[in-house]
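Here are my notes on this one, written as I went through it. Have the viewer open while you read.

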Amino acid sequence: MSQISSTPLPLNPDPVLNVEITDDLIERHGILPQEYQQILAMLGRAPNLTELGIFSVMWSEHCAYKNTRKLLRLFPTEKKDKQAIGQVLVKAGEENAGVIDVGDGWGVAFKIESHNHPSAIEPFEGAATGVGGIVRDIFTMGARPILLTNSLRFGDLNDPHVKRLFRGVVSGISHYGNCLGIPNMGGDIYFDECYEGNPLVNALCAGILRHEDIQKGAATGVGNPVYYVGPGTGRDGLGGASFASRELTAESTEDRPAVQKGDPFMEKLLLEACLEMMAIPGLVVGIQDMGAAGLTCSTCETASRGNSGIEIDLDSVPQRETGMNSYEIMLSESQERMLVIVQKGREKELEEVFEKWDLHAAHIGEVKQGDRMVVRHKGVVVADLPAKSLTDEAPVYDQPASEPAHVAKARNWSVESIPDISVKEIESGLKNLLNHPTIASKRWVWQQYDHMVMSGCKVEPGSDAGVVRLSIAEIDKYLAIANDCNNRFCYLDPYKGAQIAFVECMRNLACSGAKALAVTDNLNFGNPNKPEAYHMLKECVKGLADACAFFDVPVVGGNVSLYNEHGDGAIDPTPVVSMIGLIDKQENVIRSQLEHAGLELILLGGWPMELGGSYYLQTQHAKKEGAVPEVSLENEKKVQDLLIEQIEAGRIVAAHDLSEGGLLVCLAEMLFGKNNIGVSISIPTNGRIDSTLFGESQGRVIVAVSSSDSNEFISCSKTAGVQANFLGRTSDSGMMQIKMGQKVVLSTSIADLHLVWEHAIPDCMEPSRS
Amino acid sequence: MRVAILQFPGSNCDWDSEHAVRDVLGVSAHRVWHKARLPSETEAVIVPGGFSFGDYLRCGAIARFSPIMHDLKNFAEKGGQVLGICNGFQILCESGLLPGALIRNDCLDFRCLNQNLTVENSNERFNQNTLGNSLLLPIAHGEGNFRADESVLFSLEENQQVLIRYDGNPNGSVNAIAGIRNSAGNVYGMMPHPERAVGSHHPCLDGLPVLKAFLEPLLDSIPVEVTSG
C-alpha cells in the first residue's frame, strides 16, 4: 500500500487550474463516482485538476485495460514446448512490445495497435500517427523495425464519406511509413456496413534485435537522470487516450484537437538516434515512448516497473507553444517523443547522439527513492501521486454479458430458405464476389506503400502472407506475417469466429511455407458497459485463447479498442489476429500464384458444404446470416502440418487457402499471376451448387504439385489423415473451366475475371481515370 | 573505403545501397554523414533515396545546403563519379549538379512497383550493350515526374544524356525520362532503384548491370562471379 500524504498540494502557478473538483468535472474526465472515491482513499485528500487529468488518462480503457484485464489473462503468454523455436523472451504486458526468439541469437519484437477513433475524425493524421506510435513501441525495445502491416475496416465503399476515410487512411499510412523507410507489406482490408462511421485502423510493426540488446521500460537506480528526447511538446492530442475510450458521436468532430499530428521525419530522426544511443554499451537504463497519455504514462509506468519514485520538472520540458500549464504538458500527446533514463555520469554520451541528429535531449528529472511520481512546474509541486496507483492499482471490472437475441436468430437461419444458384448464374455470381472490395485486388492500396525498401521484400503484398528476408541481420531466414479476422463470422458466432480468424491466419502462414511462432491481437469491440457487446468480447477472447493453447502459439502483446460504436450501435466484433512465422530457407517460400501449365491441383480438406455467413450470401442475397463453418482444430493442424512437411520436401509449387468467396475465388486468385495460365477442373456433384462453389468451410487449401509428385503427395496426405481430392490441371488456355459431374458449368476467360478483380477498387475510387 | 554513400537526416535507402555495393558487388563502401567531410580516398559517391529533411519545402531542397554538398560539388567538378538514386536524384537536380527538376507524380499518389524501362545509348558505359535493351527495376516515389524547360530538354536529348525511359509512364515525366547524366558524363541520376534489384531474394536482378556500369572505373576489383547478398 502506498504511503498516504494527506497534506494538500500548493496552488498551481496557473490560476485556471485552481478550481474545485466538482462532480461535473469528474464525469467529464470519464471517472466514475466509485472510482473517484478510490482516488480519495489512495491519496488521503482530493486530487487537484492536474492530478485528476492524470488519473483520467491512466485509468482509461486505453491505458488501464480496466474492462479487459481479467479476460486477457486467458491468453497463453509463453510456449508449453520449451524446445520449440519461438520462445517468448519478453511477455505480453511486460514492456512496450513482446519479443520472441527466432534463432541465431536474434529476436523479433512485434505488436499491433489501434488508432480507430482518431482515424474516424481525421483519417490522414489518425492513420499516420497510428503507424508512428507502433513503430516507437518497437524501437523502444531496442529493435530495428523491418516491416509494417495494417488491418483496416471500412463501411460500404460506395458511400462518399467512406471513400474519403479510405483514401485518407491509406495516404496517411503511406505518407508516414514510406518516409520512415520500413517496408509495408499491406495487410488485410474488409468493407462492411457495420464499420460505417467507425472505421478500424490497426497498425502492426515488427523489428529485429539481438537477445542481449533488449531494452527495458523501467526507471531504476536512484539518482539516474531522466531525459526527454524528441521534438517539443504542444497542445495537440490533449487527452487522446480518454478520447479513445468513449463512443463516437456526431459531436466527436469537436474532439479534433485530441487527434495528434504526425511528423514522420522527426520519427525517423528519433528512431535512428535512439538505436544509435542504445548501441552504446550500458548507457541506457530504461526507455519508454510517450504514446497514449504522453509524459504522464511514460513517467508513471517506468517508475512503477522499476519499483522506484520519479521526479520531473516541467520547466525543462521542451515546448513548442507558449503558456502551457501543467495539465496541458502532462496530457499532451504530441508525437515522436521518448523518455530515457541513463546511467548517472554518462549524460554527455546521450546528449552527443541527439545533438548529431538535431533533436532535443532535455534533462527533466531523476529517479528517486520511494514510490511517488512528483511533478514540478515553476517551482511548485503540481502533482504528487503514488506511481502504482496509476498503473497496477487501476480499477478492474467484470461486466455483465448476454447474447444479443438478433444474433442467435440470424445464426439459426437456414440456407434451405433460399434457392440454389442456377448454372447460368455461376459466372455472374463469381464476378460479383471478385468485384466485392473485400475480395478484390488491393493493389490500389499497397502500390502506395513502399514495400521494397530495406532489401527485404520476398513476397510482395497480395499473396497469402507478406514475407521479408532478414537481410539486416545478415541471415538467410524469412519472416512471414499474416493478419486476419472475418467480422461476419465473429458477429454470428464470436467464439468460432475468433477461432476462424486464428486458424485462417495460421493457414496463410503455412501456405507461404512458414511455421507460426506467436500472435499479437487487436480486440476491436463496442462499449463494454453494454452486456451484448461484452458478450461478444468475452466469447471472442475465449475462442482465441483456446486456439492459441491448442496450437501452442502464445500471444505476446496486442491492444484493446473498445467503444467502437456509431449511430446504430456497435461494430461487429473484430478480434484481429496477426501472426508471425518463420521460413528457414528461400526454397521454402511459397506463393499463391500459378505460373506454369501442366501442374496438378489438389484440394485439401474435402467438401463440407457450408454456406452460412459467406460472402456469397452477402453479394447474391444481401444476408449476414446462417451457421458459421465448423472449426476443427485437430483437422486444421493435420492440414497445416502436411503443408509444411510437403513444402519442406519440395513437392508444393503453389498453395492458396480457401477463405472469403470459397473455391472459385481461391482458384481465380491463383490464376491472376501470369497471363494465359488456365485451369480445367472437375468437382463432384453431391448437394447444392452454391455451397460447393462458394462455401467458406475451414481447413481447406488448394495446392499445386508437379505431375511427377502428385501420387506421392496424395499418399502422404492419406498417411496424415487429410482428405485430398484431385481437382484438375493448369493449362495455357487462359480459361477457367469447371465441370460438375459430366457437365461444364463454367467456362470463362481468366483475363475477364482478372479485369473485374483488379479494377473493382480503382473504379470505385477513381472512376474518371479507369 | 572507395564508395561513399551520403547519409542525410531522412535518408532511408542508405543501408540498401551500402549492402548492394559492399556485400553484393564487393567494393568497399561506407555511409558518410551529411555534416562530415567527404573522405579524400573517395572514388565514387552514391546519393541514396529516402526523404532527406522530410522532403520539406521541396524534395532535396534542404539537403542541397548540407555541409557535405560543398565537398560533393568539388568532387563532381574534378570529374568524380556521382550517382543519385530517387531522392538522391532530386538532391542532384536541386543542387544544380544535374539539369531539370522532379515534381509530384501526375497520379498524385506514391507509386511502388516493378517498372519496365527502355535503355538508351547514352555513352560508353550506359548503353544497350552494357545494360541490354530493357530493364525491370523497382520504383518507389511520390515525386518522380521529371520536368525541364524546352532548351534543357533539347540539349539532354541532343547530347544523348537520357539514360533510361519508362515504358508506360507511371508519373508523367516529360519524354518518359527515368534517368539522365550530366554532359561531362560523371554525374548520373535516376528515379528507379538499382540497389533493390541485386539479390536472388529481389524481384529482379537488373540493378546489377546498372550499378556495375556506374562503378565501371572501379571495376577491376569487382569479382567476376556476382553472388547474391
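Which handedness does the crossing have where H22(A) passes H25(A)?

1. It is right-handed: H22(A) passes H25(A) that way. Keep in mind throughout that we are looking at a predicted model. Helix H22 covers residues 633-648 of chain A and helix H25 covers residues 707-720, and their axes come within 10 Å, crossing at roughly 145°. On the H22(A) side the contact is made by A:Lys638, A:Asp641, A:Leu642 and A:Gln646, and on the H25(A) side by A:Phe713, A:Cys716, A:Ser717 and A:Ala720. Sorted by class, that contact has four nonpolar, two polar and two charged residues.

2. The other helix pair to look at is H7 (residues 123-140) and H8 of chain A, whose axes come within 7 Å and cross at roughly 35°. This crossing is right-handed. H7(A) brings in A:Pro123, A:Phe124, A:Glu125, A:Gly126, A:Ala127, A:Ala128, A:Val131, A:Gly132 and A:Val135. From H8(A), the residues in the contact include A:Gly168, A:Ser171, A:Gly172, A:His175 and A:Gly177. The class split for this contact is 11 nonpolar, seven polar and one charged.

3. Now the contact between the chains, to which chain A gives 24 residues and chain B gives 21. Helix H8 (160-180) turns up again here: H8 and helix H10 (264-278) of chain A each supply at least two residues of the side that touches chain B. That side of chain A has 10 nonpolar, nine polar and five charged residues.

4. For chain A as a whole, I'd start with the inventory of 26 helices and 28 strands. The C-alpha trace spans about 90 × 55 × 50 Å along its principal axes. Its radius of gyration is 27 Å, which agrees with the value near 27 Å that a compact globule of 770 residues would have. Buried residues make up 61% of those 770. Taking contacts in chain A with a separation of 6 or more, 83% are between residues 24 or more positions apart.

5. On domains, the assignment for chain A gives domain 1 (81-390) and domain 2 (590-765). The C-alpha centres of domain 1 and domain 2 of chain A lie 42 Å apart.

6. One residue to click on is A:Glu78, in the loop between helix H5 (69-72) and strand E1 (88-90) of chain A. Is A:Glu78 buried or exposed? Neither, quite: A:Glu78 counts as partly exposed because it has 16 C-beta neighbours inside 10 Å, and 20 or more would be needed for buried, 12 or fewer for exposed. Setting aside neighbours within four places in sequence, A:Glu78 is in contact with A:Val88, A:Lys91 and A:Pro554. The C-alpha atom of A:Glu78 is also separated by 15 Å from that of A:Leu544, which sits 466 residues away along the chain.

7. Lastly, chain B, with six helices and 11 strands. The radius of gyration of chain B is 16 Å, close to the 17 Å that the globule rule gives for 229 residues, so chain B is as compact as a globular protein of that length. The C-alpha atoms of chain B fill a box of roughly 40 × 40 × 30 Å along the principal axes. Of the 229 residues in chain B, 54% count as buried. Among chain B contacts between residues at least 6 apart in sequence, 74% join residues at least 24 apart.

Notes
Residues numbered from 1 in each chain as written. Chains lettered and ligands numbered in written order. Predicted model: local features only at pLDDT ≥ 70, side-chain atom pairs only at ≥ 80, totals over all residues. Contact = placed C-beta atoms within 7 Å. Helix = DSSP H or I, 4+ residues; strand = E, 2+ residues; numbered from the N terminus. Nonpolar A, V, L, I, M, F, W, Y, C, P; charged D, E, K, R; others polar. Rg over C-alpha atoms; globule rule 2.2 N^0.38 Å. Domains from an automatic or database assignment. Axes fitted to C-alpha atoms, helices over the stretch in contact; angles between N-to-C directions. Left-handed = near helix turned anticlockwise from the far one by under 90°.
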